[in-house]
Every structure is written in structure tokens, then in C-alpha cells.
Amino acid sequence: MSQTVHPVDEVLPAPKLAVLGLQHVLVMYAGAVAVPLIIGRALKLPPEQVAFLISADLFACGLATLAQCLGFLGVGIRLPVMMGVTFASVGPMLSMANDPSIGILGIYGSVIAAGIFGIIVAPFISRLLPLFPPVVTGTIIMVIGISLMRVGINWAGGGIPFLTQTIDGKVVQVANPNYGQLQGLGIALFVLLVILALIRFGKGFVANVAVLLGIVAGAALSTALGIMHFEKVGAAAWFDVILPFHFGMPTFHLVPIITMCIVMIVVMIESLGMFLALSDMTGKPVDEKALARGLRADGVGTLLGGIFNTFPYTSFSQNVGLVGVTGVRSRWVTVTGGIIMLGLGLLPKMAALVEAVPQVVLGGAGLVMFGMVAATGARILTGVDFKTNRNNLFIVAISVGFGMIPLVSPNFFKALPHELHPLLESGILLCAIVAVVLNVFFNGVKKSSTEEIVAAAKQAEAH
């Protein structure tokens, strides 16, 4: 008698795999390229290097996805998962980017260390779940979204509001004359309205890729107005190989490494919820060993990210949501998506095209993308008991307050040791630490049930 193949392991016909795999790529594409754009521009890299970061990111996305879906040597959950750079790492990496003693090589050193850390601690992460109930994870995700909104707003404004210049030997802040121009604000608004219209009136797949289609519409308008140029796209090669350590050998600094390891714990807790939700959706049970393999793949993906000139990786929750929307449970669909991402990473012209999109276009989309992250956190918090347990209100209120310190007062911690600044200048990590400590203080350590974790993960699918 032949054994029935589970839908997760079913190999669909090649044309269907190609179409469904491409759909997964399109759903995650705008979010996948956002992080290298943010970090590359924060580091003030030239356009061709930012384009390289995008290519490297897409290539590493493909590698991490294949490791997660195909699996090897105790690595990979073998469920329909797409891997992408986590937004949780953006705040800490922006702080590192602004510190000349750390820079891009220090970022890669901390990413590599965090990847190794993730591989080692993967089997023990489930024991940390009691420290991350919905009141903590919801608060952290909300602050991630709020922190990223500053990036989206500055994109919509056309850059940064103030420029640093040296006048008479003194470094001063000068207002950016190109910031907040009416034309740029109009384009950002146009992109936002297109996305909202597609979400409201689009059906199925069109609604799912509304952000990407909004960026395409904004790029078309920018081209018509003469502010999007394609010279660098024309000069870019059709094919190139992503080599390890393109920018040089990574450097390792203690505080950035500790910071990124904390980010890794938060990311893996979120991934654990995603895996449990996927298990529930696909009808394929996962045991502790399978969960450890999935979390280990997060560590492997992050390690590969640091080696191949990119950043920490996690399972993308919008693709988990797409599994629920389409009902297609085969992991070979996401394997195909990973292969497509690998191919896109080897096409520099594609990365150059993305880099050529004006910031104001990305700003209109960023308001939606980053705002949805904050809304996801708020949505998770709706499941928290605030009525009978008022202490949860204090956990959220004080944690959000600490998370806002670096945003509203960048010099708040200037008197503290310089080595601590990468940690203290990240609102996300401040929020995470304070939320965990306050939750233990007020509520103690209670074991979260699998049902609670699945429910929180399903609420996070909108992210």
C-alpha cells in the first residue's frame, strides 16, 4: 500500500509551483528590500553599493528560505516558510551605523555572532517563552513599528530634515532645502492613495501585493515627472556573483554583539509563534525537535546574512498569512520562491532599479508598511487582560515610554559610557528589556500555553 503524502510535502506541477512561488516573492519583496535601503542610506553608501546590499539581501533571502524549507543536518522546520530580514534589527543597526567606530563591518560582526548564538540556543528558546507573553511581544512589536515610522516619514519628506556641514571649522546642523518639497509630498501621497485604493477595492492577489503595486505606480509617476533616472540601471551588469565579505572582514565589538543577540532572542520567540501557527494551518504537527530545527535555521540564515553582506533573518509573517489566504500548504512552493529570490540576487540590474526609486515613493509605501507593524503590536495587545489586571497597563505604558527616549531625545544618555550607546540608542531594545523586567515584577513567570502562542502568532500575520 502506498503511503499518502502530506499536503506540506506534496510536489505540485512545475507551472503551478512557479506561479505560486512568484506570488510569495511579490508579497514579501517590498519588505525584503526595505532594510538594505534603510541601512545603506544611513551608512551614506554610494548608490551602487546600496544596490549591492539589495542584491546580497535577495540572495541571502533565497539561501535562508531553502535552509528552512528543505532542511539539512538538524536545520529547517520543513514547512512553507519564506525568510526575510527582520525589522526588529533595524533600530540597533541604525545606532551602529551612526557610530564611526562600529560602521558596516561592526554590524556584520554582530550579525555573525548573533547567528552563531541563535544556532547554539535554538533548543532552549522554548524555555524563554514565559518571559514573552502577549503583553510583552505586543508592546515590543508596536514600538518596532513606531520607531520605523520615523524612517518612513523622512522618506516621504525626501531625505533627512537637517544636513551636517562644517562652517568656519565648526560642525553645524543646517536645514535640508530639499526636505518637505510639495512635489515630493504629492508623490508620497499619491503612492499612499494608490495602496489604499488597491487594499479597499482590489481582490485576492492584487490586494496582497498592494504595497508593491503602489511603489510601481509611484515610480511611473516619478519617471513621467523626470525625477527618477535610469543611468545607473543601464550601467549595472546583467549578472554578478555575491561574494562573502564584500566590504572587508567583519569586526567584533562586545556591546553591539550583546545587542544583536537580544534581538535574536526576540526574533526567535516570534518565529516560534509563526511555526506553531503554520503547524495549525497546515495540519502538520511539530514537536520540540522540529521547532528547534526551525529556530536553528533562523540562526543559520542570520549567520549566512553576516557572511554574505546582509542582516538577520526570520520567517516573514505576511507569507504565513498568505498560506492561510490561499490554502496552498506545499513547502515546495516556498522552495520555488527561495530559488526565485536567489536568481533575483544575481541580477544587479534589478537591484539598481530598486535603488533608483526616489525616497518619496518609498515614503508613501513606508507609512503603510511600518504603520502596519505598529498596528500588529496593537492588535496583539487587544488579547491582553487589561480589565482585571491593571498591572498590564503599567507594563505597556512604561515600556513604550522607554522605547520613545531615543526617538524624542537622542542625547538623553550622552553622559553614560560610550560603549553602551548602541544599546541605549535603540528604543526597541530598551522597550524589550523594560517590558520583560516589568512583566516578571508584576506578573511573575507564567507558562504560556501553545494555544496562546498560536493565537498571538495568527494575530501577527497582518504584519
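Where in the chain is the place of Arg78? In this predicted model, the place of Arg78 is in the loop between α2 and β1, the latter spanning residues 83–85. The backbone of Arg78 has a phi near 60 degrees, which is a positive value in a residue other than glycine. Most residues other than glycine have a negative phi. At 27% relative accessibility, Arg78 counts as partly exposed, because that class lies between the limits of 20% and 50%. A phi near 60 degrees, again positive in a residue other than glycine, is also found for Lys44. The place of Lys44 is in the loop between α1 and α2, where α2 covers residues 47–70, and Lys44 is exposed, with a relative accessible area of 70%.

With regard to the overall architecture, the protein contains 19 helices and 4 strands. Of its 463 residues, 56% are buried. When contacts between residues at least 6 apart in sequence are considered, 84% of them join residues that are at least 24 apart. One element that illustrates burial is helix α3, made up of residues 90–97, in which 8 of the 8 residues are buried, so that the helix is largely enclosed by the rest of the structure. The buried residues of α3 are Val90, Gly91, Pro92, Met93, Leu94, Ser95, Met96 and Ala97.

The search for salt bridges across the whole structure returned 2 of them. In one, Asp9 pairs with Lys284, and the closest N and O atoms are 3.0 Å apart. Asp9 belongs to the segment before α1 (14–42), whereas Lys284 belongs to the loop between α10 (254–282) and α11, so this pair ties together parts that are 275 residues apart in sequence. Asp9 also forms a salt bridge with Arg331, for which the closest N and O atoms are 2.8 Å apart. Since Asp9 lies in the segment before α1 and Arg331 in helix α13 (residues 331–345), this pair ties together parts that are 322 residues apart in sequence. Through the sharing of partners, the salt bridges join Asp9, Lys284 and Arg331 into one network. The members of this network can also be described by their accessibility: Asp9 is partly exposed, with a relative accessible area of 24%, and Lys284, at 23%, likewise counts as partly exposed, whereas Arg331 is buried, with a relative accessible area of 11%.

A charged residue without such a partner is Asp298, which is buried yet has no salt bridge. The nearest side chain of opposite charge to Asp298 is that of Arg296, and it is 11 Å away; a salt bridge is not assigned at this distance because the nitrogen and the carboxyl oxygen would have to lie within 4 Å. Asp298 is located in helix α11, which comprises residues 288–307. When residues up to four places away in sequence are not counted, Asp298 touches Gln68, Met83, Met264, Val267, Met268, Ser271, Phe275, Tyr313, Thr314 and Ser315.

Another buried residue within a helix is Asn392, which has a relative accessibility of 5% and is found in helix α16 (residues 391–408). Leaving aside residues up to four places away in sequence, the contacts of Asn392 are with Val135, Val384, Asp385, Phe386 and Asn443.

Aromatic side chains were also examined, and a search of the whole structure finds 7 aromatic pairs. In the pair formed by Phe412 and Phe413, the ring centres are 5.0 Å apart and the planes stand at 80 degrees, so the arrangement is edge-to-face. Phe413 counts as buried, with a relative accessibility of 15%. Ring pairs additionally link Phe52, Tyr108, Phe247 and Phe311 into a cluster. An aromatic ring is also involved in an arrangement with a charged group, in which the charged end of Lys349 sits over the ring of Trp238, at 5.0 Å from its centre.

Finally, the cysteines were considered. The structure holds 0 disulfides. Cys61 counts as buried, with 0% relative accessibility, and Cys69 counts as buried at 0% relative accessibility.

Technical notes
Residues numbered from 1 in each chain as written. Heavy atoms only, no water. Disulfide = S-S within 2.5 Å. Buried < 20%, exposed > 50% of the residue type's maximum accessible area, 1.4 Å probe, protein only. Helix = DSSP H or I, 4+ residues; strand = E, 2+ residues; numbered from the N terminus. Contact = heavy atoms within 4.5 Å. Phe/Tyr/Trp six-rings, centres within 6.5 Å; stacked < 30°, edge-to-face > 60°. Lys NZ or Arg CZ within 6 Å of the ring centre and 35° of its normal. Lys, Arg positive; Asp, Glu negative; His and termini not counted.
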